[in-house]
Amino acid sequence: MSPRREVAQVAPGDALPPVHHEIQRPDLVKYAGASGDFNPIHWNEKFAKEVGLPDVIAHGMFTMAEAIRVVTDWAGDPGAVVEYGVRFTKPVVVPNDDEGATIEVSGKVAVKLDDNTVRVDLVAMSAGQKVLGMSRAVVRLA
Amino acid sequence: MPLNRALLGKEYPPVRYEVGREKLREFAESVGETDPIYHDEEAARAAGHPDIPAVPTFPIVLTRRVGQKVYDDPELGLDYSRVVHGEQEFSYHRPIFAGDRLLAAGRVVAVEVKGRHELLAVETRVITETGEPVCSAVVTLIARGTAQPPAGDGTSGAPA
C-alpha cells in the first residue's frame, strides 16, 4: 500500500496502477469458507453446468474484492473508500486446471468531488471480456 | 412463480455480528490481501486505526446473512436456484474494525419486473450495538425467468 495519497496530487484522467490476479479453484474454496457463500456454482462443476454455466465461476464478490485493491493500494488507506459499487456483467470462469483464470483491473480518476473525495472508474477484464460494469469507487484522499 | 410485490418496504429484525481479528485476517487472505494493515494490529494502529480494519468488501459477510432471511421468507416466493447476483453497492461511514459488535438489518427496497426476469434489491444498514452508523449495502439480485407472463398469451404462468 502506498503512503496516503493527497488530493492535491491527483487530476481527472490520472490512471491508477493496474493489477493482475490469477485465480484457481482452491482460491474459490478458500473464499467460500471465508465469506460463507457456499453456492455450488462456485465449486461444483456438475451443478454449474446443469444450471447452464460453461464451468465453475468465481463469486462476483471475489472479483469485486480484487477490483477495489487497485483503489486502496493507490489511496494508501483502506478507510479511504466512501462508496463502492459494481454491476456483474459477465462471469469469471475458472477451469479446473493449473492455469485457472486471470482478472485484470485498471482504474482512472473520473472527477474530483467535495471534501477531498474523488471518483475512480474501474474496468475489470477476464478472458477478454468486461466482468464488472458501472464499477466505481468514491475515495477520500488526504 | 413471480415475486410477491407486497413485500416491498418490508423490514426484517436485525442480525447480530461480532467482528473478530482472525475472521478479518482469514477474509483478507482469501482475497489475496497481504498488506500488514489488514493482519497486524500494530500496523493498523500505526496507520491511525483502533484495530485491524476489514477489507472494503467484508460487509458482504453480514449482508449475506441478512439477505438469507429475506430470500428464505416464504411470503417472498423467491426461487434461489434462478438467482444471479446483478449489482452490489456499499457506502461507508467508516471501516469495520476487529472488536466491533454490529447489528445488521435488512429491508426490501425494490421488487421489479425486467422482461422475463425479476429484480429484487435488499438494503442492509449496519450499525454498532451502541447505535453508531458503520456502513450500508444494497444487493440487487436477478431472478431469471420468474416474471409473470402477460395475461392472455395462452401460457400457464410456469417459468420458461
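Chain A of this predicted model exposes about 6500 Å², and carbon and sulfur atoms supply 51% of that surface. For chain B the exposed area comes to about 7500 Å², with carbon and sulfur atoms again supplying 51%. Turning from surface to interior, buried residues make up 49% of the 142 residues in chain A. In chain B, buried residues account for 51% of the 160 residues.

As for overall dimensions, the C-alpha atoms of chain A fill a box of roughly 50 × 25 × 25 Å along the principal axes. The C-alpha trace of chain B spans about 65 × 30 × 20 Å when taken the same way, along its principal axes. Charges can be summed up with a pair of mean positions. Chain A carries 15 positive and 19 negative charges, and their mean positions sit 5 Å apart. Chain B has 18 positive and 24 negative charges, with mean positions 4 Å apart.

Next comes the order of helices and strands. Chain A contains 3 helices and 5 strands, and reading along its sequence gives the pattern β-α-α-α-β-β-β-β. Chain B also comes to 3 helices and 5 strands, and its pattern along the sequence reads β-α-α-α-β-β-β-β. How do the contacts spread along the sequence? In chain A, take the contacts between residues at least 6 apart in sequence: 68% of them join residues at least 24 apart. In chain B, residues 24 or more positions apart account for 69% of the contacts with a separation of 6 or more.

Strand 4 of chain B, residues 117-128, deserves a longer look. Of its 12 residues, 9 are buried, so this strand is largely enclosed by the rest of the structure. It has a strand partner in strand 3 of chain B (residues 101-114), to which it is joined by 12 bridges in an antiparallel arrangement. One pairing picked out from this ladder puts R107(B) together with its bridge partner E123(B) in strand 4. Strands 3 and 4 of chain B form a hairpin with 2 residues between them, and G115(B) in the turn has a positive phi of about 65 degrees.

Strand 4 of chain B is also joined to strand 5 (residues 133-143) of chain B, by 10 bridges, and these two strands run antiparallel as well. Here T124(B) stands opposite A137(B) of strand 5. The hairpin made by strands 4 and 5 of chain B has 4 residues between the strands, and G131(B) takes a positive phi near 90 degrees there.

The two turn residues just described are glycines, but positive phi turns up elsewhere too. Most residues other than glycine have a negative phi. Against that background, N116(A) stands out with a positive phi of about 65 degrees although it is not a glycine. N116(A) lies in the loop between strand 3 (101-112) and strand 4 (117-126) of chain A, and its relative accessibility of 36% makes it partly exposed. A127(A) is another non-glycine with a positive phi, this time of about 50 degrees. It is found in the loop between strand 4 and strand 5 (129-140) of chain A. Is A127(A) buried or exposed? With a relative accessible area of 74%, A127(A) is exposed.

Two arginines round off the picture. R94(B) is found in the loop between strand 2 (83-92) and strand 3 of chain B. Despite being in a loop, R94(B) counts as buried, because its relative accessibility is 16% and the cut-off for buried is under 20%. Leaving out residues up to four places away in sequence, R94(B) touches D100(B), T128(B), E132(B) and V134(B). With one of these, E132(B), the side chain of R94(B) makes a polar contact of 2.8 Å.

R4(A) lies in the segment before strand 1 (15-23) of chain A, and at 42% relative accessibility it counts as partly exposed. Which residues does R4(A) touch, not counting those up to four places away in sequence? They are A75(A), G76(A), D77(A), A142(A), A47(B) and H49(B), so the list includes residues of chain B. In chain A, the side chains of R4(A) and D77(A) are joined by a polar contact of 3.2 Å. Towards chain B, the side chain of R4(A) reaches the backbone oxygen of A47(B) at 3.1 Å. R4(A) and S106(A) are 102 residues apart in sequence and 19 Å apart in space, C-alpha to C-alpha.

Conventions:
Residues numbered from 1 in each chain as written. Chains lettered and ligands numbered in written order. Predicted model: local features only at pLDDT ≥ 70, side-chain atom pairs only at ≥ 80, totals over all residues. Heavy atoms only, no water. Buried < 20%, exposed > 50% of the residue type's maximum accessible area, 1.4 Å probe, protein only. Pairing = 2+ DSSP bridges. Contact = heavy atoms within 4.5 Å. Areas by Shrake-Rupley, 256 points an atom, 1.4 Å probe, with all protein chains shown as cover. Lys, Arg positive; Asp, Glu negative; His and termini not counted. Charge placed at Lys NZ, Arg CZ, Asp CG, Glu CD. Polar contact = N/O pair within 3.5 Å; in protein donor to acceptor, adjacent residues only side chain to side chain.
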